[in-house]
Amino acid sequence: MSYGKTETEKLKQNVENQLDRLLEQLSDLESCKDSLDSVEYHETKEETMEQLKELNESLTKLVNGDISLVSSLGAIQLATQAAISQAFKTPEVIRLFGRKEPKQLRDRLKSIEEQIKLNKLTIEAGNPQKCEVLVALRQLNEQLSREELQFLDQHTNKLSAFKNMEFLELKDK
């Protein structure tokens, strides 16, 4: 393996690790929300969002400055943009989207649907999560079934967060 390739892989891994850390931090923050006072919760969330913005700015500089990293870092940049715009609310969906893992997104969708059927998740809580996963799949150019497309059409008013989000087309090299 050439030196440049090794460095590119190390950089990509470091960026992925940083994104994972920040998404885990958001996830932990949401799960501990009730045990934190409002000020502490909002300050911590704001700090994490600021770190995500800084990561996105770094990625923009890297993507614009190094052609060999465009494909590798472009997906991670999309994930950070999604987190910043809050189009995707679930850190796990952001992570899977950023890593281009449609199979795992499909598994997540099945899990959500099963939780709704078993009354472990309300329809009100489950439908936005389903929309989020379906939009992520659509952005990864995955084929959606007629039912999935109809579901998205029926819930478009709940997808207003996605309307102003720009997705870049990624091309693997």
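# A tour that starts in helix 5

Select Lys-103 and Asp-107 to begin, and you will find their side chains joined in a salt bridge, with 3.4 Å from N to O. Bear in mind throughout the tour that what you have open is a predicted model. The two residues both belong to helix 5, where they are four residues apart, which is about one turn of the helix. As for their surroundings, Lys-103 is exposed, because its relative accessible area of 58% lies over the 50% cut-off, whereas Asp-107, with a relative accessible area of 37%, is partly exposed. In general terms, side chains of opposite charge can pair when their charged atoms come close.

**Next stop: from helix 5 to helix 7**

Keep helix 5 in view and add Arg-106 and Glu-148 to your selection, since these two also form a salt bridge, with their closest N and O atoms 2.4 Å apart. Glu-148 sits in helix 7 and Arg-106 in helix 5, so this pair ties together parts that are 42 residues apart in sequence. If you colour the residues by accessibility, Glu-148 should appear as buried, with a relative accessible area of 15%, while Arg-106 is partly exposed at 22%.

**From helix 5 to helix 6**

Now select Glu-113 and Lys-130, which make another salt bridge, this time with the closest N and O atoms 3.7 Å apart. Here too the pair links distant parts of the chain, for Glu-113 lies in helix 5 and Lys-130 in helix 6, 17 residues apart. Which of the two partners, Glu-113 or Lys-130, is buried? The buried one is Lys-130, at 13% relative accessibility, and Glu-113 is partly exposed, with a relative accessible area of 31%. A search of the whole structure finds four salt bridges, and the pairs visited so far are among them.

**Stepping back to the whole chain**

Zoom out and switch to a cartoon view, in which you can follow eight helices and zero strands. Read from the N terminus on, the elements run α-α-α-α-α-α-α-α. Of the 173 residues of the chain, 37% count as buried.

**Helix 4, an enclosed helix**

Select residues 91-98, which make up helix 4. How many of the eight residues of helix 4 are buried? Seven of them are, so helix 4 is largely enclosed by the rest of the structure. The buried residues of this helix are Pro-91, Val-93, Ile-94, Arg-95, Leu-96, Phe-97 and Gly-98. Pick out Ile-94 from that list, and you will see a residue that is buried, with a relative accessible area of 2%. If you then add Leu-23 and draw a distance between the two C-alpha atoms, the separation is 7.9 Å, although Ile-94 and Leu-23 are 71 residues apart along the chain. Moving past the end of helix 4, stop at Lys-100, whose phi is positive, near 55°.

**Two asparagines in loops**

Go on to Asn-119, which lies in the loop between helix 5 (102-117) and helix 6 (123-139). Its backbone deserves a careful look, for Asn-119 has a positive phi of about 60° although it is not a glycine. Asn-119 is exposed, with a relative accessible area of 68%. Then follow the chain to Asn-141, found in the loop between helix 6 and helix 7 (146-154). Asn-141 likewise has a positive phi of about 60° without being a glycine, and Asn-141 is exposed, with a relative accessible area of 68%.

**A negative patch on the surface**

Show the surface and select Asp-37, Glu-40, Glu-43, Glu-46, Glu-47, Glu-50, Glu-54 and Glu-57, which together form a negative surface patch. Glu-57 is a useful member to centre on, and its place is in helix 2, which covers residues 38-65. At 48% relative accessibility, Glu-57 counts as partly exposed, because a residue has to be over 50% to count as exposed.

**Last stop: two cysteines**

Finish by selecting Cys-32 and Cys-131. Is Cys-131 buried or exposed? Cys-131 is buried, with a relative accessible area of 2%, whereas Cys-32 counts as partly exposed at 35% relative accessibility. How many disulfides are there in the model? The count comes to zero, where a disulfide would need a pair of cysteine sulfur atoms within 2.5 Å.

Notes: Residues are numbered from 1 along each chain as its sequence is written. This is a predicted model: local features need pLDDT of at least 70, side-chain atom pairs count only at pLDDT 80 or more; totals for chains, interfaces and linings use all residues. Side-chain values use heavy atoms; hydrogens and water are left out. Patches are made of residues with over 30% relative accessible area and no salt bridge: like charges are joined within 9 Å, nonpolar side chains (Val, Leu, Ile, Met, Phe, Trp, Tyr) within 5 Å. Accessible areas come from the Shrake-Rupley method with a 1.4 Å probe; for residues, only the protein chains shown count as cover. Lys and Arg count as positive and Asp and Glu as negative; His and the chain ends are not counted. The place of a charge is taken as NZ of Lys, CZ of Arg, CG of Asp or CD of Glu. Buried means under 20% relative accessible area, exposed over 50%, partly exposed in between (1.4 Å probe, protein chains only).
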